[in-house]
Structure formats: C-alpha cells, structure tokens
Amino acid sequence: MNVSGTARLNAPREQVFRAICDPRVLMEIIPGCDAIEQVSPTEYRGVITLRLPGVVGAYRTDVRLVDAVAPERSGMEGRLEGSMGSIAGRADFVLGDAPGSASGTVIDYTGSGVIQGPLARLDSRFAERLAESLISQGLRALNLRLAREAAQSPSPGGLRPTTEVSE
Amino acid sequence: MTTELHVVGQSVARSDGVGSVTGRSLFTADRSFPGMLHLKMVRSPVHHALLKGVDLSEAEKVRGFVRALTHADVPHNVYTILGLIGVEPEEEFVLAVDRVRYKGEPIVAILAETEAAAMEAVSKVRLDLEELPAVFDVEEALQPGAPVVTHWGNNTFMFEGHNCRRVRYGDVEQGFAEADHIVEGVYSTSPIEQAPLETTGCIALPEANGRYTVYTNTQALYFSLDNTSIILQVPGNRLHFIGGMVGGGFGGKVDVIVEPLATLGAMKTNRPVRYVYSRSEEMQVSSTRSAWKIRVKDGVTSDGRIIARKVTSYADSGAYSRQTPYALTKHAANAAGPYAIPNVWIDAYCVYTNRTPTSAMRGFGVTMASFAIEVQMDRIAERVGVDPWTIRFLNAYRNGDIKPHRKPAEDATLIETMQAAAVLVGHDLPEAFKAMTSDPRPTQEGGR
Amino acid sequence: MDKVIVTFELAGRDVDVMVSPMTTLQSVLRNQLGHTAVKDGCRQGGCGSCTVLVDGEPMMSCLLPVEDVAGRSVITLEGITPTDGLHPIQQAFLDANGYQCGYCTPGMIVVAKALLDHNPSPSRDEVVDALSGNVCRCTGYLPIIEAIESAVRAAGQQEARA
Amino acid sequence: MTVTSYFLPDSVPEALGLLETHGSSLLVMAGGTVAMPLINEGISLPGVVMGLRRAGLDRIERVGAELRIGATVTLTRLLDQDTVPMLRQAAGRTASWSIRNMGTVGGNLFTPPPGGDVAVALLALDARVTLTGPRGDRTVPLSEFWTGFMTSDLRPDELLTSITVPIEPGATTFVKFGRKHANTPAVVTVAVHLAVQGGTVTGARIALGAAGPHPMRAPGAEAAITGSALEPEAVGEAAAAAARECQAFTDGVASEWYRRRMVGVFVLRALTELAQPAGPAIGGGA
C-alpha cells in the first residue's frame with residue numbers, strides 16, 4: 001500500500017510543524033480520533049474510531065516521530081490495529097514555503113505500509129483511496145484550525161495573518 | 001443405405017435434468033454433517049515476502065477455534081501436482097514455509113466450529129512478513145536483476161536443460177531471405193478466471209475403518225485422489241473420493257487444492273471438515289488461464305505461401321508451475337498453426353511472476369496460439385492482397401504433412417471446416433477451394 | 001452469545017428455527033431446513049443462485065438476516081415444485097435445455113416464477129431485465145430465455161383452453 | 001467478533017437509543033447490500049448490528065413541491081413513482097430486481113463509488129438529507145453531505161432518516177455507462193438537471209458518479225452551458241470542463257485515464273440528448 005499527497009496550509013512552517021507534533025491538535029484534526037496521548041517526546045498512542053459503510057470498529061494506533069528536522073520534515077513510523085486488521089508502515093512529510101505567499105506552507109507526504117488481516121483482502125487501491133481521503137480531511141481541518149489561531153492572535157514578527165482559507 | 005441415427009442429431013433429454021430443474025441434485029457443499037468443522041485459510045496479504053513468523057496467540061482465544069494447521073503438520077508439504085507424471089522440480093508448497101510468492105498464498109489453515117468463528121480467528125492471526133520486490137510482467141521477469149521468483153534462481157521452467165521449449169524445423173532464416181514479404185505481430189492475452197458458479201470445495205469425513213470419504217467438486221477425481229495420497233503419505237485405498245454434480249469447472253477445478261488440507265483436518269481432529277472457497281477466494285486465488293505474449297514473424301512469397309514462421313512466446317505461469325509447463329508443451333506443438341510451413345522456429349518460455357499461479361482453462365496453451373496465428377494470417381492476407389479465405393486454403397495442412405515438431409498430421413480437417421463455414425456464411429468459394437480435401441498430397445509434391 | 005428463535009412461513013407452513021444472531025436466510029434454509037435448492041454461489045448478492053421469494057418478491061437470501069423475514073412468507077424452489085410432476089416453468093426448462101451444470105437453475109426458475117406472477121406475458125426485454133441479477137456460466141442465457149418464453153406460450157394456451 | 005446481538009428497532013427513537021447505548025461499536029444497516037457481503041466474506045466482523053428495515057422509515061410521499069423519501073424506501077419503489085422521472089431512470093439502472101427489492105435509497109448514499117447511482121441522480125436534483133439525532137433533526141444539502149471517500153457529515157449519534165427532493169420543472173437526463181447492460185458497477189454515471197427559460201439554460205446541475213471519492217457536481221461544466229442554448233460549442237466546452245475537473249480513479253472496473261475520457265464522452269452525450277430530445281425539452285416541461 002502506497003499513499004502520497006500535497007496540500008497548501010495558511011501558516012508558516014514553524015507553526016505547522018508545532019501543530020503536527022501537538023497531541024491536542026492531532027486529536028482535533030484526525031477524523032474519528034477519540035483519544036491520543038504523548039507517551040514520550042516522539043511517541044504518541046491513540047484510538048481512532050472509523051464508522052465506514054458496512055464496517056465499524058476502534059483502532060489502536062501508536063506512532064513514533066523519526067528523523068525529525070524541524071521545521072522542514074519528519075518521518076512517522078507506526079502501526080494501526082483493529083478488527084479490520086492492521087497497517088504497519090512509515091510516512092514522511094516535507095514542509096516547504098508556499099510559492100508567492102509570505103506565510104503559506106506546502107506539505108507533501110508519502111507513505112507506504114503492509115496491510116494484514118481482512119482489510120488486506122480488499123483491492124489495495126481501495127485502502128489507498130481511503131487513507132488519502134482521511135489524510136486530506138485531516139489537513140483541511142488543520143488548515144481551518146491554523147486560520148482560527150491566526151485570526152485570534154496576530155502572529156509574532158508583525159506578519160499579516162492571511163485569513164483566506166483555501167481548499 | 002442410410003443408417004437411421006437414434007441419438008446423433010436428436011435432442012435427447014438428459015437423465016439428470018429433473019434433478020437440476022427441481023434443485024434436488026446434491027452438490028458437494030449442499031451436504032452438512034453433525035460436528036462438521038469449517039476450514040478458513042490465512043493467506044498472504046502481499047505479493048512477495050519472507051515469512052519470518054506466525055503468531056496464533058490471539059486467534060486461539062476465539063470462541064469456537066479448534067486448531068490450526070501449518071506446513072509442519074503436512075506429511076509431504078509439496079504441491080507440485082504434475083509430479084504425478086514426473087514433472088520436476090518440486091517447487092510449490094501446500095502451506096507456505098518461509099516465503100510467500102503471490103497474494104493469497106495459503107499459510108495457515110484454521111479449523112473452527114462455525115464459519116464465523118473461523119473467519120474471526122483468521123482475522124486475528126499475525127504474520128511477521130518482510131516484503132520483497134515483486135514482478136508482474138513476463139518480459140520484465142526475464143531481465144537480469146529482476147526479482148527472482150523461483151527457488152532455482154531464474155524465472156523460467158527448465159525444459160531438458162534449456163530455459164524454453166524449442167522447436168526447430170528447416171532453416172527459418174533461409175526462408176526469410178527468400179521471402180517477398182516479412183509480416184510481424186505481437187499478440188498478448190490476459191489471465192482469465194474460470195469463475196464457475198459453484199466455487200471450489202470439498203467435505204472430508206473420517207470413517208470408522210480408518211478410511212476417509214471426501215465429497216469434492218473436482219473435475220479430476222483420481223488426479224485429486226492420487227495427489228492427496230502423496231501429500232498426506234496415505235495409500236490411495238484409504239481415500240474414498242466421491243464426485244458427482246459439478247457446478248461448472250472450465251478447468252478451474254483441477255487444482256487439487258482443497259482436498260489434501262480438508263482430509264488432513266479430518267485426520268487431526270477425527271471430525272468432518274468442510275473447506276469451500278468464498279467467491280473472493282475463487283477470484284483471487286483459484287488458478288486462472290495464463291496470460292500469454294506471442295511474437296510472430298512470417299516470411300511470405302508474393303503469391304501468399306508462408307515459407308518461414310518464427311514464434312517467440314511467453315506464458316505467465318504466475319508464482320508456481322501447476323499445469324503451465326504441460327500447457328507450454330502443448331502450445332509449442334501448435335504454435336505454428338494448422339498450416340504447412342517448410343521452415344519453423346519456436347521458442348516458448350514458461351515464465352514465473354508474482355501473480356496467482358495459472359493452470360487449466362478450456363484448451364489452455366492452444367487457444368492463445370490460435371488467436372495469435374489467425375490474426376497474423378489476416379495480416380498476411382492484407383499484405384499479400386488476397387482475401388482471408390484464400391491465404392488459409394493456400395497454406396492449409398493436409399494429412400501426412402510433417403508438422404514442425406516432426407509428427408505427421410493426422411485427421412487434419414481445416415479445409416473441410418472452412419468449406420462448411422463458407423456455406424454457413426453464404427460465401428461462394430472458388431471451385432479450386434471447393435474441390436480441395438485434407439487427403440495426403442500426391443507423392444510428386446510430397447515431402448513438403 | 002444467546003441464540004434467538006425466529007418464526008416465518010416456508011412454503012405455506014410456519015417453521016421455527018433457533019439461530020445465532022444475524023444468521024442469513026440462505027444458511028438457515030440450506031443447513032437447517034434442507035432447502036438445498038437455495039444455492040451458495042457468491043454470498044455477495046451478485047449471482048442470484050440463492051434467490052427466494054419473500055412475500056412474492058424475489059430477494060437474495062444470502063444478504064437477508066433470517067430475523068428480517070420473521071412473520072413473512074418465504075418460497076424456495078422446493079415450494080414451487082409440486083409434490084408430483086413438474087411446474088410448467090420447470091417442464092419448459094427441461095424441454096428447452098435451459099440448464100447445463102444446474103447450479104444457476106433454481107435461482108433462474110424462482111425469478112421466472114416471480115416474473116410470470118407479476119406479468120403473465122412479458123416481452124423478451126422484460127425477461128432479460130428480470131434475469132439480470134442471475135449469472136449463468138454455461139448456457140449463454142439463450143436457452144434459459146427461450147425456456148421462459150415457451151412457458152409463457154404454454155400458459156397462454158392453457159388459458160385459451162380453460 | 002461474531003455477531004452477538006442483532007437489533008430490529010420498530011421506531012426511530014428506539015434506534016437512536018440503541019445507537020446511544022452501543023455507540024461506535026454498533027454497525028447500522030438498512031438493505032444490507034453493502035454491509036452483508038463484507039460480513040459474509042469475513043472482512044467486516046461487527047459484534048452488535050442494527051437493521052433499520054422495521055424502523056418506520058419506508059414512507060414516500062409528495063409534500064407540496066417536494067418528494068419526501070424515507071431512508072429505507074427500497075429502490076424498487078422508486079420505479080413505481082413518476083413524480084421525479086430521473087429517480088425512476090436511476091433506480092432502473094441500479095443492480096438487479098432482487099437487489100432493488102432490498103437496497104434502500106438511504107443506503108445508496110453510503111455506497112462507495114463506483115456504486116451509488118441513485119445518489120448521483122439525487123445530487124443533480126439538489127436533494128437534501130435529514131439527519132436525526134438525540135437533539136432532533138438537522139437538514140444538510142446532499143452536496144455538502146459527503147466529506148471524503150466513504151465518509152460523511154453524519155455524526156456518530158445520528159441516523160439518516162429521509163431524503164427530500166425538490167420537484168422543479170426542467171430538463172433532466174440520467175446516463176450510466178457500465179461494462180454490461182445491467183447489474184454492473186459504473187465506469188461513469190452522469191445526471192443532469194437544467195432549468196430552462198425561453199430556450200436558454202438559466203441554471204444547470206451536472207452530477208458525476210464513479211469519477212471521484214463520492215458523487216460530485218461539475219461546476220466548470222455547469223458554468224460552460226449556463227446562459228447557452230446548448231449549442232454544440234457550449235456542450236463541447238462543458239464536456240471538456242467536466243473531464244478536467246473530475247477526480248477519476250483506477251479500480252477493478254476501469255482505469256483513471258479511461259474514466260476521465262468517458263466523463264467527457266458521456267457529459268457530451270447527456271447534454272446533446274437534452275439539446276435535441278424527441279420532444280421539445282428546451283423550453284418544454286420536466
């Protein structure tokens with residue numbers, strides 16, 4: 001299983017990187033995330049509940065940040081485990097400055113993993129489309145949150161916060 | 001004196017017809033027995049990987065779980081079904097040992113009181129896999145550096161020391177030199193799943209006298225019995241295979257893949273065991289007809305006689321051999337088509353990839369050769385400027401002609417078939433073609 | 001896990017079955033009530049070999065929890081076959097060789113019965129559309145369509161004479 | 001998990017109560033044509049399941065200028081109504097007779113592409129869905145209901161209880177291109193509703209199925225024909241726009257490039273059909 005994608009976020013890289021490492025933010029932006037705790041500076045453990053047509057179930061997930069180079073990039077190794085089987089793999093994301101915008105960020109991610117259990121019996125493209133869709137929903141939610149944060153407190157260094165929210 | 005035919009040409013009612021239209025005929029899986037266990041298979045989720053460990057701890061806790069079967073439980077864990085006719089090497093396993101080579105390859109069989117319990121237990125088996133690169137195209141598989149699928153190191157079946165089945169007849173290069181036209185084509189077919197409406201399945205019952213009765217919808221009853229006997233190291237007279245209604249097979253039920261494990265399950269638990277494929281298993285794991293890639297190069301004279309034919313073809317056997325080496329040999333014998341051609345050169349490769357292993361389906365090995373050759377004949381007709389009938393009558397072979405693999409043609413009927421077809425479609429053949437027969441050629445033309 | 005008792009009408013008489021929750025009607029009919037004319041081709045609602053009539057309407061019994069038909073009337077091919085002889089549709093299938101391996105035949109006949117109950121003289125397109133949920137891998141469908149059309153003609157003559 | 005209990009509530013309040021009691025471990029099912037195959041294959045292993053067949057959501061009625069469809073109305077019953085012709089066309093092209101007797105309109109909205117053809121028609125008809133939860137009903141336009149592939153705005157404590165379709169005059173058509181004539185998933189589905197005044201298109205809704213994570217509108221194509229009289233240039237431009245803006249994907253039925261090209265072909269055919277239909281659609285009635 002291989003996934004990849006990109007998104008444009010309306011906040012500077014440092015803010016985006018901090019957000020992605022903050023369990024409170026992750027809890028809010030990950031679809032169906034019920035609980036998440038930081039068990040070490042780089043390790044998170046949580047529960048995600050997905051109600052998909054025909055399938056229900058909670059998934060325990062533990063993720064470790066590896067090779068993190070703030071605010072440019074980081075790797076995430078981890079495992080998602082539940083009644084539908086398990087996915088073990090690694091994802092990497094790179095934060096770049098958005099072209100033509102003082103404070104925008106472009107996030108590019110790639111990921112691969114081995115699916116086991118019932119989910120493995122589906123066409124692997126099915127799982128890939130589902131993962132990419134969930135990740136893009138998460139990034140959209142992150143963007144909305146960053147926009148709210150920017151609107152409430154003008155960011156330090158006098159940069160004019162952009163309030164335009166892009167898809 | 002015309003003999004009056006009572007059956008041939010009549011529409012005779014079938015003896016099993018009432019059973020079919022009332023649904024009373026019993027198919028294999030229509031039976032159920034008290035205490036019957038259900039076998040569900042843990043399969044490889046990836047195309048190619050090292051299998052480093054199997055963790056059954058969670059699966060064993062499932063309510064209704066009875067036991068698991070792994071490669072260690074199989075007396076002779078080899079599943080090379082053509083071993084019966086001396087085809088070697090032994091390369092496929094009944095249950096995977098330390099490597100999986102196609103998605104869906106069987107690893108652990110789970111026996112449980114109910115299907116639901118078996119499926120739940122299967123979902124809780126954890127595999128320790130290290131994924132390996134995989135290859136899915138026949139020509140890529142033959143490139144140096146391609147992922148190696150077989151355990152003997154190269155991705156082709158070895159035919160008497162050569163990596164392909166070779167046919168040499170006359171001098172094909174000489175023929176090309178003399179030819180007025182060279183016509184080339186590449187033809188490829190895709191894997192086809194037979195998809196019988198009734199999926200592959202069997203029920204194995206332990207009998208009081210130490211024998212095992214196996215109800216199975218296999219197409220090849222004794223082929224299955226013999227292979228099961230080898231795999232379980234049990235003499236054939238202790239296995240009582242019962243066939244009967246088969247809900248479609250089309251070659252999809254000569255795999256001999258469910259009977260050995262169901263019988264082994266019955267042996268280990270002394271209870272009946274039912275092992276029936278789900279539809280997704282039949283589609284993903286049951287062996288398909290192989291995909292084929294066929295390159296054809298012909299040397300043709302200006303008046304449409306084919307004097308040289310060079311065929312290079314690749315069969316995609318998938319991860320293991322099963323029936324494909326046999327299909328490949330049949331292919332090589334027919335790859336030049338039903339035509340009398342003085343110079344023929346054939347190389348036919350049985351190639352391994354990380355696809356589902358392929359096997360029999362309705363004339364496998366020859367149907368794709370016919371597809372390639374007949375399209376090629378139309379191309380030749382176009383190039384030479386004659387109609388498709390003429391090109392075929394001109395080159396049709398007759399009884400007594402020596403075929404490329406040095407066997408005389410017997411009961412050739414291409415000419416008569418085309419004549420009948422012409423009548424059916426209302427095509428008026430030239431008198432010369434109407435008069436042609438498949439009888440041996442007059443001797444002065446002989447030795448063709 | 002507690003079992004449940006479900007009562008429904010099968011071929012005109014009430015039956016009670018004790019099942020684990022959400023056992024499919026297909027499994028109950030085949031494994032507990034001996035109606036093995038209900039076939040098991042895919043369990044995904046894609047082949048039609050498990051078609052039964054529920055209150056006269058064709059449904060895929062493999063996708064129906066038995067609890068969903070509690071109190072309703074279920075007809076399988078066993079219920080269509082008369083105690084002796086054959087139903088006219090069965091006779092038509094026999095005469096027209098509307099079968100080969102026989103695995104799709106029960107589903108085809110059940111749908112044909114439902115079709116003729118709704119529409120005594122369907123056009124060929126209506127017959128084809130009614131059968132679109134039933135897969136046959138042997139006959140190529142023409143003998144099955146012709147069998148149903150001959151059953152329609154036979155029923156028509158029957159009425160003419162009655 | 002093997003199923004330990006299967007509930008068939010006979011009212012919405014009872015169903016909501018079960019949802020609250022069991023929360024996220026409860027699998028909700030209606031016709032079963034999506035969930036049951038996954039359960040039968042051992043891919044979905046729910047512990048507790050709720051079927052909505054008897055929850056009283058199977059009424060279909062015209063209320064003023066709207067058709068109100070209960071979530072568990074079966075697809076077969078869409079064939080028996082002619083208040084909204086496009087819904088009859090869409091239901092007729094979905095699955096087979098037996099499956100239409102079981103599958104529900106509400107369930108069709110949760111069917112992942114390339115399934116869910118009735119949902120495409122409902123999107124082109126600008127339908128709204130009613131979501132019922134402990135705090136009562138809320139209504140969401142269908143165009144905002146789906147949030148991604150197999151995900152929607154439905155909250156964990158809510159049920160989709162009905163679909164409301166405005167009955168508007170306009171020219172409509174529904175085209176489904178599958179590999180087979182019937183009982184087949186879509187390569188692409190196109191549903192169009194045009195508001196027309198004096199020969200000019202004043203409003204256009206074009207919905208595409210099997211060309212994105214869920215049924216999607218094609219705003220670029222809609223803009224290209226709004227204000228036109230469906231002359232060939234406008235129709236051609238709309239078809240090209242739809243092919244560009246759709247999010248085609250590859251699956252077992254068709255590849256991305258083929259779907260993208262077929263979006264263009266079938267939007268062209270759908271609009272062309274509306275441009276010179278048998279009857280005077282432009283400027284004519286529904």
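This report covers the sheets, domains and chain contacts of a predicted model.

Residues are numbered from 1 along each chain as its sequence is written, and chains are lettered from A, with ligands numbered from 1, in the order in which they are written. In this predicted model, local features need pLDDT of at least 70, side-chain atom pairs count only at pLDDT 80 or more, and totals for chains, interfaces and linings use all residues.

**Confidence**

The model scores ipTM 0.91 and pTM 0.92. Chain D has an average pLDDT of 94 (the predictor's confidence in each residue, from 0 to 100). In chain D, 97% of the residues score at least 70. Where pLDDT is low, the predicted coordinates should not be read in detail.

**Domains of chain B**

Bounds here come from an automatic or database domain assignment. Domain 1 of chain B takes 28-132 + 194-284, and domain 2 takes 165-192 + 288-409. Their centres, taken over C-alpha atoms, are separated by 37 Å. Contact means that the C-beta atoms of two residues, placed from the backbone, lie within 7 Å. By that test, 18 residues of domain 1 of chain B touch 17 residues of domain 2 of chain B. The domain 1 side has six nonpolar, eight polar and four charged residues. Ala, Val, Leu, Ile, Met, Phe, Trp, Tyr, Cys and Pro count as nonpolar, Asp, Glu, Lys and Arg as charged, and the others, Gly among them, as polar.

**Sheets of chain B**

Helices (H or I, at least four residues) and strands (E, at least two) are DSSP runs, numbered from the N terminus. Two strands pair if DSSP finds at least two bridges between them.

One open sheet has three strands in the order S4-S2-S6 (chain B), with antiparallel pairing. Its edge strands are S4 (99-100) and S6 (126-131) of chain B. Strand S2 (residues 49-55) of chain B joins S4(B) through two bridges. Across from B:Ala49 stands B:Val100 in S4(B).

Another open sheet has five strands, ordered S7-S16-S15-S14-S8 (chain B), with mixed pairing. Here S7 (165-169) and S8 (181-189) of chain B are the edge strands, each pairing on one side only. Neighbouring strands of this sheet are turned by 5° against each other on average, direction ignored. S8(B) pairs with strand S14 (residues 292-300) of chain B in the antiparallel sense, over nine bridges. Within that pair, B:Val183 has B:Asp298 of S14(B) as its bridge partner.

Helices also pack on the five-stranded sheet. Axes are lines fitted to C-alpha atoms, for helices over the stretch in contact, and angles run from 0 to 180 degrees between N-to-C directions. Helix H10 (residues 367-384) of chain B touches S8, S14 and S15 of chain B, and its direction makes about 150° with that of S8(B). Helix H9 (residues 324-334) of chain B lies across S7, S15 (306-316) and S16 (344-351) of chain B, running at about 165° to S16(B).

**Contacts between chains**

Chains B and D both touch chain C.

| Side | Residues in contact | Residues of chain C in contact | Leading helix and its share |
|---|---|---|---|
| Chain B | 23 residues | 29 residues | H1 (residues 17-22), five residues |
| Chain D | 22 residues | 22 residues | H5 (97-102), five residues |

The side of chain B that touches chain C has 11 nonpolar, nine polar and three charged residues. On chain D, the matching side has 10 nonpolar, 11 polar and one charged. Strand S1 (5-7), helix H2 (35-40) and strand S3 (48-51) of chain D are among the elements that each supply at least two residues of that side.
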